[in-house]
Amino acid sequence: MPDRKQNLPQLYRFCFLMLGDSRKAQEVFHTTLREAALRAAHGELLNEPFWLFREARWRCLEESKTDLEAEPLEMKEHEITPEASMQIEQFEPTQLAVWISAAPEPQRTALALFYLNEFDYREILDLAELKLSELSRLLASGRRQFQAWLNTMVPQVPKV
Amino acid sequence: MKTQRLSRRQRTLLNCAPIDEEPIRDRSMRSAVFRARGSNEFANQQSFDRAMAALVDAIPIPAESAEWFSAKDFVSASKWTWRKMARNPAVLAVGIAVLVIAGVLIFYFVSRLNDFPGSATARKLLTLASSTRSVLLDPINADAGTLGDLFFMKHGLEHYEVPPEFADFRTIGCRVFEDEESRRIAQIWLAEKRMQLFLFPAERNAKTGAVLRFPGWRYIQQEGWTGAVTEHNGVCFMAALRGRENDLAPYLAEKQ
């Protein structure tokens, strides 16, 4: 099992979920690792355990500052259905990344970190600088919003 | 399936419940997940989350990015420190146990440091001295130095002589008795500071039968009593009183 503190494939996926664009994700991923390598070359090994993810997050936020922002609108929310997993299976990872990257901050960070399945909730609270109630609310509404989107994009399998 | 009622905090925690079914370290989260198990709502959430995580896991890694994966560590392992080590409960428990054992060993070593041939008997006699009452002894008012003759004439005890340091003190009583090893012991009670004197056979080599001698006076302590022991002609003499070594020392110094 790779070291959770520097699971590099997950770091790339995090960047991809945050930005929804492979090219930008690679750019942030490489810049973050170059910075880490530079520090390591100077003998400054990073003591902060989630430095890579924290650094990558800030770079992603900086990167998306220049993007055009969608007007805030009320997202539909649907209760999660038992068929949701089958609906999700019909999706491509890129579609999920695009959806998450379009979420407002800090929901975007919360969803990206949570679905990486790399950190426990306390670590996510630390990384995303959130309170437990905030994280809970963001994840719950994120699920319901994604379910609503799923219902629009993928017709529900009729119950027998 | 019927689920147990959840508190507000538990509902908050459940929204952040781990996706995998790995053992949960966090106690409050573990409790919340345990209570929610069996609810359809939570089962749907878990199945939703697992499908989402599987989709994230399927995100392909570009070849240029994958080149970085063999790079050396960027993040240092957490530093080993004495403080961290000391906070480990296992280390703490072992440390305390070692300290206790070391303390017992040191106490045993120190208490045996002043041992000499006959010290075991002397300790037993100190315990006896602490529990003896003067009425148990035959009353006799004489100089302690004269009792050697009495012990020889009446009890056949040779060399049971009181040393010159204590010979001039007046006695209240005396007796001769046998201990559990059938050794004959003479006990004298002095008027001076209610001091007690004991005469008993010196320890001998088990093989050769030779007396195990030791020079001068040796002090021992037992249950608040102090004894000064010397050996002469195969007989040990002990002067005992309730108190410390300092209380006995002047009597020994006087004649030196």
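**Close-up 1. Glu181(B) and its salt-bridge network.** Let's start with Glu181(B), which is partly exposed in this predicted model; its relative accessible area is 48%. Its side chain meets that of Arg183(B) in a salt bridge, with 3.6 Å from N to O. The pair belongs to one network, held together by salt bridges with shared partners, that also takes in Lys124(B), Asp179(B) and Glu180(B).

**Close-up 2. Thr121(B) beside Arg183(B).** Here we stay with Arg183(B), whose side chain makes a polar contact of 3.3 Å with the side chain of Thr121(B). Thr121(B) sits in helix α7 of chain B, which covers residues 119-131. With a relative accessible area of 7%, Thr121(B) is buried. Leaving aside residues up to four places away in sequence, Thr121(B) touches Arg183(B) and Phe200(B).

**Close-up 3. A salt bridge between Asp115(B) and Arg123(B).** The two side chains meet at 3.1 Å, N to O. Asp115(B) is partly exposed at 30% relative accessibility, whereas Arg123(B) is buried, at 15%.

**Close-up 4. A salt bridge between Asp57(B) and Arg13(A).** In this view the side chains of Asp57(B) and Arg13(A) meet at 4.0 Å, N to O. Asp57(B) lies in helix α3 of chain B (residues 40-57) and Arg13(A) in helix α1 of chain A (residues 8-19), so this salt bridge joins two chains. Asp57(B) is partly exposed, with a relative accessible area of 49%; Arg13(A), at 11%, is buried. For the wider picture, the structure holds 19 salt bridges over all chains.

Key
Residues are numbered from 1 along each chain as its sequence is written. Chains are lettered from A and ligands numbered from 1 in the order in which they are written. This is a predicted model: local features need pLDDT of at least 70, side-chain atom pairs count only at pLDDT 80 or more; totals for chains, interfaces and linings use all residues. Side-chain values use heavy atoms; hydrogens and water are left out. Helices (H or I, at least four residues) and strands (E, at least two) are DSSP runs, numbered from the N terminus. Buried means under 20% relative accessible area, exposed over 50%, partly exposed in between (1.4 Å probe, protein chains only). A polar contact is a pair of N or O atoms within 3.5 Å; within protein, one must be able to donate a hydrogen and the other to accept it, and residues adjacent in sequence count only if both atoms are side-chain atoms. Contact means heavy atoms within 4.5 Å.
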